[in-house]
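Me: Got a minute to go through this one with me? I'd like to start with the packing.

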Amino acid sequence: GYGSIDASDEYLVVERDWTDGRIPTAVGWHRLADFGASSLATLTAGRILRIDEVCPSDPHVGDRAAGFRALQIGTLLAVPLIKAGRFTALLYLHDPDPRFWSEEDQALVAEVGDRTWGAIERIRAQVGLRRSERRFRALTTTGGSMSYRVSADWRFLLDSGRTDFAPEAPTPGELWDDEHVHPDDRAMRRAGIEQAMRTRELFEVELRVRSSSGEWRWVRSRAVPILDDDGEVLEWFGAATDITDRREAEERLRRGEEQLRLATEAAEIGLWDVEGG
């Protein structure tokens, strides 16, 4: 299997592995500390962790034998990938039965580990570049004063560009939703989202949002779907612009026109336009 070390340096995250069917997959998050201080010290120092037989007498196992066996690890060879001075990834082999790992075994696995890291990082860089390019194109389409990202189903706010513009979600995975949208505009917003998800086209709406200061501000929000290579929606990337001044100016103009109309009706004064000819 192959796994990456998370940003906190506390977990090994295994996204893919291979098994011959005798043992369950190890895909998931594994706390590094659970494998013992000795094992972790060996790996973070960039040395191969070799355990021919999981037993209490092995200095890397000690009183953690039960934990190893719970993962069907009877023998283990783990090669750390140290990049820019940091323990970033791990290529490992294990088996339920004891095995003697020769010097040739260790050299081969070390080479495979380094090549695997290089291949995976190239793919990640390519994917990241494509997503960045798509977001940039989306940004040029939407424009605006605050950018944001939401999940494909619009349930979760993934990222927002400015917390002074509008309140941020309490946690990255928590929905930033109707709590901050004016009650009179919520149905319109939901209808716009449903239409955009159905057609996978531009989402655009003008609505009132509670700002970080607590006041209601008019916002023009536009978002476009970010698609993967198969045409499926990965996320929505959008931008929001504060248009309060424009809306208030339009409202003042409307009120002025209404007052003029009422005044002319009360005075029984006629109004007309003259076009020269």
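Reply: Sure. Bear in mind that this is a predicted model. The largest nonpolar core has 19 residues. Those touching the most other members are Ile51, Val54, Phe68, Leu76, Ala78, Leu90 and Tyr92.

Me: Which elements give two or more residues to this core?
Reply: Strands β2 (11-16), β4 (49-51), β5 (75-83) and β6 (86-95), plus helix α2 (65-70). The most comes from β6, with 3 residues.

Me: What is alanine 78 in contact with, leaving aside neighbours within four places in sequence?
Reply: Leu43, Ile48, Leu49, Leu90, Leu91 and Tyr92.

Me: And what does the second core include?
Reply: That one is separate and has 17 residues. Leu157, Ala196, Val219 and Trp236 are among them.

Me: Switching to tryptophan 216. Where is it found?
Reply: In strand β10, which covers residues 216-227.

Me: Buried or exposed, or in between?
Reply: Partly exposed, because its relative accessibility is 31%. Buried would need under 20%, and exposed over 50%.

Me: What does tryptophan 216 touch, not counting residues up to four places away?
Reply: One stretch is His180, Val181, His182 and Pro183. The other is Arg208, Val209 and Arg210. Separately, its C-alpha atom lies 9.0 Å from that of threonine 244, 28 residues apart along the chain.

Me: Now pockets. How much space lies in the largest pocket?
Reply: About 300 Å³.

Me: What lines the largest pocket?
Reply: 16 residues. Trp18, Thr19, Ile23, Leu93 and His94 lie nearest the centre. By class, the lining has 8 nonpolar, 4 polar and 4 charged residues.

Notes: Residues are numbered from 1 along each chain as its sequence is written. This is a predicted model: local features need pLDDT of at least 70, side-chain atom pairs count only at pLDDT 80 or more; totals for chains, interfaces and linings use all residues. Side-chain values use heavy atoms; hydrogens and water are left out. Helices (H or I, at least four residues) and strands (E, at least two) are DSSP runs, numbered from the N terminus. Buried means under 20% relative accessible area, exposed over 50%, partly exposed in between (1.4 Å probe, protein chains only). Contact means heavy atoms within 4.5 Å. A nonpolar core is a set of buried Ala, Val, Leu, Ile, Met, Phe, Trp, Tyr and Cys residues joined through side-chain atoms within 4.5 Å. On a 1 Å grid over the protein atoms alone, a cavity is a set of points where a 1.4 Å probe fits but cannot get out, and a pocket is an open set with protein on both sides within 12 Å along at least five of seven lines; lining residues have an atom within 4 Å of a point. Grid points are joined across faces, edges and corners, and a volume is the space filled by probe spheres set on the points. Ala, Val, Leu, Ile, Met, Phe, Trp, Tyr, Cys and Pro count as nonpolar, Asp, Glu, Lys and Arg as charged, and the others, Gly among them, as polar.
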